[in-house]
Amino acid sequence: MQFEEKQVKEINKEEKHFNNPSARMPNIKVFTGSSHPDIAKTIVARLGLNLGRATTKKFSNKETNVEIGESVRGEDIYIVQSGCGEINDNLMELFIMINACKIASASRVTAVVPCFPYSRQDKKEKSRAPITAKLLANLISVAGADHVITIDLHASQIQGFFNIPVDNLYAEPAITKWIKENIPEWKSSVMVSPDAGGVKRMTGIADRLDIDFAIIHKERQRANEGDSTVLVGDVKNKTAIMVDDLADTCDTILKGAEALREAGANKIYAFLTHGIFAGNAIEKINNSSLEAIVVTNTIPQEKNMKWCPKLQTIDISVMLAEAIRRTHYAESVSYLFTNVPY
């Protein structure tokens with residue numbers, strides 16, 4: 001009962017803030033890099049702010065130049081830059097923007113990185129391999145960032161690579177909400193992890209929805225033979241919902257979809273936090289047995305959606321905006337781990 005009352009108070013507080021245009025947030029500015037300006041615009045619109053003035057350009061020798069077009073002295077600064085597009089150029093842009101604000105006497109600089117790049121390089125897979133995620137964490141800190149906000153890190157331990165606070169938000173509440181609103185038969189569906197690495201993520205959503213789950217396991221029978229796919233669980237005559245954190249070539253998701261179709265699933269949905277879709281991934285999705293593939297907008301998807309009618313997006317900017325608001329006012333962000341802000 002006390003927990004429910006607390007939730008109601010949280011919701012009323014949010015509605016009061018966002019329904020009151022005059023309740024502007026003092027001493028805060030939000031800037032965006034060139035990787036994903038659309039999500040930055042929706043964030044500031046929800047916060048009732050104007051996007052900070054900053055220009056980025058390339059010199060003839062391809063060096064990046066950034067100019068902050070307004071005072072940031074004593075301000076709480078948030079810089080939105082996602083790990084997509086020309087990733088290395090965009091990272092350099094982020095470092096320069098952080099440093100420019102820091103040496104201009106900003107009180108705090110927070111890097112808002114919806115899709116954290118290099119997150120798959122989080123450990124040494126073989127001798128002499130770099131741990132690039134750790135290197136990136138060091139670079140962000142050295143540039144002058146005081147705080148990082150991101151969504152669904154590929155490995156949660158990446159938070160430990162930083163010596164500054166990191167808020168790793170989850171797309172899980174937004175995905176759960178979409179499933180309830182858009183899949184009529186969700187109560188009789190089955191959650192599926194396309195590999196062993198995503199089991200924890202998948203079971204978290206299955207527990208929220210109180211539905212069954214299954215796991216697709218790859219195993220190698222003999223040396224020099226390809227991997228075979230084994231489905232652990234029952235999906236026959238049911239709707240199967242696969243969940244993963246990111247997809248690049250989409251091979252894992254699409255092989256999983258084939259396995260589910262062969263096992264008798266009626267409909268197959270795939271949910272991803274970060275839709276990278278490299279190479280001919282979109283073409284493969286169009287030719288697949290997937291009913292729909294649903295991704296958040298941590299990476300721009302407008303062009304992909306024109307070519308792929310199966311692709312749908314979930315707007316995650318509401319969670320980032322609320323995380324920024326709560327951080328600015330020194331409020332807890334743990335509410336966002338289990339709820340979608342109104």
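A crossover between two strands is right-handed if, with the strands pointing away from the viewer, the path from the first strand over the helix to the second runs clockwise. This predicted model contains such a case: strand β4, helix α3 and strand β5 form a right-handed β-α-β unit.

To see that unit, select residues 87-103 for helix α3, then add residues 76-80 for β4 and residues 108-113 for β5. β4 and β5 run parallel and are joined by five bridges. One pair to pick out is Val-80, whose bridge partner in β5 is Val-112.

Stay on β4 and show its side chains. In a regular strand the side chains alternate between the two faces of the sheet. Here Asp-76, Tyr-78 and Val-80 point one way, while Ile-77 and Ile-79 point the other way. Are these residues buried or exposed? All of them are buried, and the strand as a whole is mostly covered.

Next, select residues 28-32, which are strand β1. β1 also runs parallel to β4, with five bridges between them. Look for Lys-29, which stands opposite Ile-77 of β4.

Now move to two helices: α2, residues 37-47, and α10, residues 317-328. Their axes lie 9 Å apart and meet at an angle of about 55 degrees. Because of that angle, α2 counts as oblique to α10. The crossing of α2 past α10 is right-handed. To view the contact, show Ile-39, Thr-42, Ile-43, Arg-46 and Leu-47 on α2. On the α10 side, show Ser-317, Val-318, Leu-320, Ala-321, Ile-324 and Arg-325.

Note on methods:
Residues numbered from 1 in each chain as written. Predicted model: local features only at pLDDT ≥ 70, side-chain atom pairs only at ≥ 80, totals over all residues. Heavy atoms only, no water. Buried < 20%, exposed > 50% of the residue type's maximum accessible area, 1.4 Å probe, protein only. Helix = DSSP H or I, 4+ residues; strand = E, 2+ residues; numbered from the N terminus. Pairing = 2+ DSSP bridges. Axes fitted to C-alpha atoms, helices over the stretch in contact; angles between N-to-C directions. Parallel < 35°, antiparallel > 145°, perpendicular 65-115°, else oblique. Left-handed = near helix turned anticlockwise from the far one by under 90°. Contact = heavy atoms within 4.5 Å.
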